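Work through the exercises below with the sequence and the model open side by side. Try each task before reading its solution.

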Amino acid sequence: MRAATLLRRAGVLLGTFTLALTGPSAVPAAAADYERVTGFGSNPGALTMYRHLPDGLSAGAPVVLVLHGCTQDGPGFATGAGWRAHADAHGFALVAAQQESANNASRCFNWFQSGDTARGQGEALSLRQMVAHTVDAVDADPSRVYVAGFSGGGAMAASLLAAYPDVFAGGAILAGVPHGCATGMVQAFGCMNPGSDRTAAQWGDLVRARNRGYGGPWPTVSVWHGTSDTTVVPANATELVEQWTDVHGTDAAADGSASLPGGVTRRTYEAGGGTVVREYRATGMGHAVPVRPSEGCGTAGAYAADVLCAAEHITADWGLGATDPQDPDEPTDPEEPTDPEPVPCFTASNHGHVAAGRATVRYGIAYAVGSGDALGWWNTYTVTSLTEPRPGWYERTGGCG
């Protein structure tokens, strides 16, 4: 059953879901700057494909697929989040996929429907066909194909990386949820808020199950989230980091950190001598894509926060920009920890954390103060560990050791 039918039957939930996992309203004028591509494949997901090719695009260029949030359109999101400008600046083919209301009443990618997230099926296959068509059409480099998505598009990006690790070299998940968190609309609400708490191995198994026996390299992943996001709670960023570090065979203890402009903290996770996962947390930001209009990066507004240029950092992470945007004189991303001092760690029941001021409680669920990480039920039986990387800011960890 398609999500549109489920939404219509949901009655009063339709209005709630329309606001959930959303982005700015469609910007039809933006489509004039994009080529609408038809006949790119069998398109079982019935999606619409738009493409922007910079002038003078050379053979062997990278391809970037971007996925919008609910109620958005493909070209409007790609331009508003700064991707079109960066395609021109860095010379990559930009594919802006678009969901249609016939598939989902709120124009959300159906990230919670297994028939649309599995390899070779539904929307996942349509998206894979879009990038394959582009690689062939412009003689792009098939080893440099990437995906970035926001909110519902971020959740779909996570599933696309799981379904096609042999296609995508890297991905960016902005305000999204882990792959496999939901298999239906009702479950999707719980994933968004208060989130789903599973072990790293359980999350990783959901990814590996999509391609049993796959022995090739896994995509690198960056996770972006605002600490004040109440639509898709920040706990999802923690679970995403656990999922993808486990897939890469490492742990969720950061190997390095850096403070970026706009109150953004970047943590890096390494495996095999390289950075495989990056986590970006924007202090005080809600459900939004970070943009920086003063630097020619996107447009601020509803669900787009003037913080820093996420598109610039993501392209640098993928090696598509010249250098790290934080320090243009350095050829590589600085990964050394900025604070060598031991980080305080506290293990207690969730009731104890709340009593000590390290957590708050809402509807019976405890959340860490500062990060907003979901800790589970507020009682004396559920025991969790919190680190305090800076005074008054607590983050969930696997244990104090």
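The exercises that follow concern strands, sheets, cavities and a pocket in a predicted model.

**Exercise 1. Strand β5 and its neighbours**

Determine whether the residues of strand β5 (residues 145-150) are buried or exposed, and find the strands that pair with β5.

Solution.

Step 1. Take the residues by the side to which they point. Val-145, Val-147 and Gly-149 point one way from β5, while Tyr-146, Ala-148 and Phe-150 point the other way.

Step 2. Apply the cut-off: a residue counts as buried if its relative accessible area is under 20%. Six of the six residues of β5 are buried, so the strand is largely enclosed by the rest of the structure.

Step 3. Look for partners. Strand β3 (residues 63-67) pairs with β5 in the parallel sense, over five bridges. In this pairing, Val-63 is opposite Val-145.

Step 4. Strand β6 (residues 170-174) also runs parallel to β5, and five bridges join the two. Here Phe-150 of β5 is opposite Leu-174 of β6.

Step 5. Follow the chain from β5 to β6. Together with helix α7 (residues 152-163), these strands make a β-α-β unit, which is right-handed.

**Exercise 2. Two hairpins around β9**

Identify the strands that β9 (264-271) pairs with, and find the glycine with a positive phi in each hairpin.

Solution.

Step 1. β8 (256-260) and β9 run antiparallel. Five bridges join them, and Ala-258 stands opposite Arg-266.

Step 2. The hairpin of β8 and β9 has three residues between the strands. Gly-262 takes a positive phi there, near 75 degrees.

Step 3. β9 also pairs with β10 (274-282) in the antiparallel sense, over eight bridges. Tyr-269 is opposite Val-277 of β10.

Step 4. Between β9 and β10 the hairpin has two residues. Gly-272 takes the positive phi in this hairpin, near 65 degrees.

Step 5. Check the burial of β9. Six of its eight residues are buried, so β9 is largely enclosed by the rest of the structure.

**Exercise 3. Two open sheets**

Give the strand order of the sheet that contains β15 and of the sheet that contains β17, and name the edge strands.

Solution.

Step 1. β15 belongs to an open sheet of three strands, in the order β14-β15-β16, with antiparallel pairing. β14 (359-362) and β16 (374-377) each have a single partner strand, so one side of each is left without a neighbour in the sheet. Direction ignored, neighbouring strands of this sheet are turned by 25 degrees against each other on average.

Step 2. Within this sheet, four bridges pair β14 with β15 (residues 365-368). Arg-362 has Ile-365 as its bridge partner in β15.

Step 3. β17 belongs to an open sheet of three strands with the order β13-β17-β18 and antiparallel pairing. Its edge strands are β13 (345-349) and β18, each of which pairs on one side only. The twist from one strand to the next averages 35 degrees.

Step 4. Five bridges join β13 to β17, with Ser-349 opposite Val-383 of β17.

**Exercise 4. Cavities and the largest pocket**

Count the cavities of 30 Å³ or more, then describe the lining of each and of the largest pocket.

Solution.

Step 1. There are two cavities of 30 Å³ or more.

Step 2. The largest cavity has a volume of about 60 Å³. Among its lining residues are Gly-171, Thr-220, Val-277, Arg-278 and Trp-318. β7 (220-226) and β10 each supply at least two residues of this lining. By class, the lining has four nonpolar, three polar and two charged residues.

Step 3. The second largest cavity has a volume of about 40 Å³. Its lining includes Thr-227, Arg-267, Arg-281 and Trp-393. β9 and β18 (393-397) each supply at least two of the lining residues, and the lining divides into one nonpolar, three polar and four charged.

Step 4. Turn to the largest pocket, which holds about 930 Å³ of space. Of its 32 lining residues, the closest to the centre are Ala-254, Arg-267, Thr-387, Pro-389 and Glu-395. Elements that give two or more residues to this lining include α10 (235-247), β8, β9 and β17 (383-390). The lining has eleven nonpolar, ten polar and eleven charged residues.

Methods
Residues are numbered from 1 along each chain as its sequence is written. This is a predicted model: local features need pLDDT of at least 70, side-chain atom pairs count only at pLDDT 80 or more; totals for chains, interfaces and linings use all residues. Side-chain values use heavy atoms; hydrogens and water are left out. Buried means under 20% relative accessible area, exposed over 50%, partly exposed in between (1.4 Å probe, protein chains only). Two strands pair if DSSP finds at least two bridges between them. A crossover is right-handed if, with the strands pointing away from the viewer, the path from the first strand over the helix to the second runs clockwise. On a 1 Å grid over the protein atoms alone, a cavity is a set of points where a 1.4 Å probe fits but cannot get out, and a pocket is an open set with protein on both sides within 12 Å along at least five of seven lines; lining residues have an atom within 4 Å of a point. Grid points are joined across faces, edges and corners, and a volume is the space filled by probe spheres set on the points. Ala, Val, Leu, Ile, Met, Phe, Trp, Tyr, Cys and Pro count as nonpolar, Asp, Glu, Lys and Arg as charged, and the others, Gly among them, as polar. Axes are lines fitted to C-alpha atoms, for helices over the stretch in contact, and angles run from 0 to 180 degrees between N-to-C directions.
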